[in-house]
Amino acid sequence: MTNQIYNQDCLEWMRSQADASVDIIISSPPYNIGISYNTYGDKMSVEDYLKWQKEVWTEACRLLKPTGHLFLNIAPTRKDPLLPYRVASSVPWTIQNSLVWSKCIEIDGHVRGHGVVTTSQRYLPNGHEMVFHCTKNGKTNINIQASSVPYQPAWAADNSARTGRNWRPTVNNWHIPYETCGGGNKSAQLKGSKKHPAIFPRELVRHCLNVAGAQPGQIVYDPFGGTGTTAVVAKEMGIDSITTEIDADYCQFIQDRLK
């Protein structure tokens, strides 16, 4: 199994790769809202940002095999609540499933709430992000059983007798804890010494890989590696990964995390 990490701009790297060479892509791009990363900024004009996103996802789809899956995670913002849809519309493949990540808050290993604190007298805090599942023509099979959830133990016997299975198909609303809120030492470990400001949880990646029916021997690619969550989960599941990340410190953190 291989976990390749490239300290390189994702567009530059993708343009050097062959067509149809990747099975699955899971990533979350910068949202263009002025987040301060370690060595690069996150703010350009809306026109330039959307143009750049179109270039990224066009190249990403070129890299994917015809049976491949793209999972694009992006959140709405207060100033631009339609941002996820504007970015998703730049993907040349078809949106097969629109998923909602409901961001529960995990503290010390337990879910402690379903939202973040706000001081606003006008706006409710944003408690969700979008995940767009794109395929070549919108008709690619997914793995219903691998992405399923088990029946509650109290109902398992009755439901199994009625349906002939001990699992229930997942829906498109995923309640997944946001691991880096109030997590103390765990939060620091996930964010690294450079305090990466935007990390999606391992379970989000795992859910995506399960929907895609990911298997050992396949390759999953993350254009915006960040702290390497996609690569970490791929390794846990025995799947090869490729990561590009423009920041050298984050690349080193990913390497250390994979060890």
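Student: Strands are DSSP runs of E with at least two residues, numbered from the N terminus. With that settled, in which strand is K65 found?

Tutor: This is a predicted model, and in it K65 is found in strand β3.

Student: Is K65 buried, exposed or partly exposed?

Tutor: K65 has a relative accessible area of 30%. Buried means under 20% and exposed means over 50%, so K65 counts as partly exposed.

Student: What is K65 in contact with, leaving aside its neighbours within four places in sequence?

Tutor: On that basis, K65 is in contact with A20, S21, V22, D23 and W93. Take A20 from that list: K65 and A20 are 45 residues apart in sequence, yet 4.0 Å apart in space, C-alpha to C-alpha.

Student: Where is A20 found, then?

Tutor: A20 is found in the loop between α1 and β2. With a relative accessible area of 36%, A20 is partly exposed. Its backbone deserves a remark too: A20 has a positive phi of about 50°, although it is not a glycine. Most residues other than glycine have a negative phi.

Student: Let us step back to the whole chain. How many helices and strands are there?

Tutor: The secondary structure of the protein chain comes to 8 helices and 11 strands. The chain has 259 residues, and 46% of them count as buried.

Student: What share of the contacts with a separation of 6 or more joins residues 24 or more positions apart?

Tutor: That share is 74% in the protein chain. The K65 and A20 pair, 45 residues apart in sequence, gives you an example of a long separation.

Student: Which residues touch the most other members of the largest nonpolar core?

Tutor: They are M14, I25, V56, W57, L70, V91 and Y221, out of 30 residues in that core. The elements that give two or more residues to it are α1, β2, α2, β3, α3 and β6. The largest share, 7 residues, comes from α2. As a general point, nonpolar side chains in soluble globular proteins tend to be buried together.

Student: What does W57 touch, not counting residues up to four places away in sequence?

Tutor: W57 touches I25, S27, P29, L70, L72, V87, S90, V91, P92, P223 and F224. There is also a second, separate core of 21 residues, which includes L99, W101, L209 and V220.

Student: New topic: helix α7. Why is α7 said to be largely enclosed by the rest of the structure?

Tutor: Helix α7 covers residues 229-236, and 6 of its 8 residues are buried, so it is largely enclosed by the rest of the structure. The buried residues are T229, T230, A231, V232, V233 and A234.

Student: What covers the buried residues of α7?

Tutor: The cover includes the strands β1, β2, β10 and β11, together with the helices α6 and α8. Just after α7, G238 takes a positive phi of about 75°.

Student: At what angle do α6 and α7 pack?

Tutor: The angle is about 60°, with the axes 9 Å apart. Angles from 35 up to 65 degrees fall outside the parallel and perpendicular ranges, and α6 and α7 are therefore oblique to each other. Their crossing is right-handed.

Student: Which residues in α6 and α7 meet?

Tutor: From α6, the residues are R202, V205, R206 and L209, and they meet T229, T230, V232, V233, A234 and E236 in α7. By class, this contact has 5 nonpolar, 2 polar and 3 charged residues.

Student: Now for the loops. Where does K139 lie?

Tutor: K139 lies in the loop between β6 and β7. Its relative accessible area is 71%, so K139 is exposed. The C-alpha atoms of K139 and T94 are separated by 8.8 Å, although these residues are 45 apart along the chain.

Student: And in which loop is N126 found?

Tutor: N126 is found in the loop between β5 and β6, and it is partly exposed, with a relative accessible area of 32%. P76 is 50 residues from N126 along the chain, with 8.0 Å between their C-alpha atoms.

Student: Last one: what does S160 touch, not counting residues up to four places away in sequence?

Tutor: S160 touches Y151, R165 and N166. Its place is in helix α4, and at 24% relative accessibility S160 counts as partly exposed.

How values were computed. Residues are numbered from 1 along each chain as its sequence is written. This is a predicted model: local features need pLDDT of at least 70, side-chain atom pairs count only at pLDDT 80 or more; totals for chains, interfaces and linings use all residues. Side-chain values use heavy atoms; hydrogens and water are left out. Buried means under 20% relative accessible area, exposed over 50%, partly exposed in between (1.4 Å probe, protein chains only). Helices (H or I, at least four residues) and strands (E, at least two) are DSSP runs, numbered from the N terminus. Contact means heavy atoms within 4.5 Å. Axes are lines fitted to C-alpha atoms, for helices over the stretch in contact, and angles run from 0 to 180 degrees between N-to-C directions. Angles under 35 degrees count as roughly parallel, over 145 as roughly antiparallel, 65 to 115 as roughly perpendicular and the rest as oblique. A crossing is left-handed if the near helix is turned anticlockwise from the far one by less than a right angle, and right-handed if clockwise. Ala, Val, Leu, Ile, Met, Phe, Trp, Tyr, Cys and Pro count as nonpolar, Asp, Glu, Lys and Arg as charged, and the others, Gly among them, as polar. A nonpolar core is a set of buried Ala, Val, Leu, Ile, Met, Phe, Trp, Tyr and Cys residues joined through side-chain atoms within 4.5 Å.
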